Amino acid sequence: MANYDNNNIFAKILRDEIPSKKVFESDFALAFYDINPQAPVHVLVIPKGPYVSMDDFAANASGEEIAGLWRAVGETAVKVGLVESGYRIIANHSADAHQEIFHLHIHILGGHPLGPMLEGGDVPPDGSWQRTA
Ligand code: AMP
């Protein structure tokens, strides 16, 4: 069971207790610029409900909240002008993905060619794992 901390940074942004550079807002989601951008355009889209990560959200959010978040991702990408040039979305869940803030957030990245999907390509140099499917 997910353990949501009401004092995480994004909960504070939702309550306007710390500032953010907002891009888009709806009943279900808020989008704002990442404070440490990894691409010329780097925006985060978060649900307004208290969900730790995609795992919690997929299991426990209502259909309305799920639709609301994904519509907000699409609308935010339109608003920041990335539809024609292209963009990548990322949502990190837990340790292997290096999730740092435990309120679900969808990264939208774009503004220049983003390169391969993951650093280092698809097979690690030490061959420590093999594709199973
Ligand atoms: P993740 O590793 O997926 O949990 O990503 C967390 C992201 O939140 C990072 O890209 C940070 O740069 C970003 N971040 C942390 N604090 C803030 C903040 N106050 N406003 C906007 N973005 C933030």
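Buried means under 20% relative accessible area, exposed over 50%, and partly exposed in between (1.4 Å probe, protein chains only). Keep that in mind for the last stop.

Before you click, note that this is a predicted model: local features need pLDDT of at least 70, side-chain atom pairs count only at pLDDT 80 or more, and totals for chains, interfaces and linings use all residues. Residues are numbered from 1 along each chain as its sequence is written, and side-chain values use heavy atoms, with hydrogens and water left out.

**Stop one: the ligand's shell.** Select the ligand and the residues near it (a heavy atom within 4 Å). You should find 16 residues around the ligand, and the closest are Asp34, Asn92, Glu100, His105 and His107. The shell divides into 8 nonpolar, 6 polar and 2 charged residues; here Ala, Val, Leu, Ile, Met, Phe, Trp, Tyr, Cys and Pro count as nonpolar, Asp, Glu, Lys and Arg as charged, and the others, Gly among them, as polar.

**Stop two: polar atom pairs.** Show Asn92, where a polar side-chain atom lies 2.9 Å from an oxygen atom of the ligand. Next pick Ile35, with a polar backbone atom 3.1 Å from a nitrogen atom of the ligand. At His98, a polar backbone atom is 3.1 Å from a ligand oxygen atom.

**Last stop: Ile46.** Select Ile46 in strand β3 (residues 41-47); strands are DSSP runs of E, at least two residues, numbered from the N terminus. Is Ile46 buried or exposed? Ile46 counts as buried because its relative accessible area is 0%. Finally, add Trp70: its C-alpha atom is 9.8 Å from that of Ile46, with the two residues 24 apart along the chain.

How values were computed. A polar contact is a pair of N or O atoms within 3.5 Å; within protein, one must be able to donate a hydrogen and the other to accept it, and residues adjacent in sequence count only if both atoms are side-chain atoms. Helices (H or I, at least four residues) and strands (E, at least two) are DSSP runs, numbered from the N terminus.
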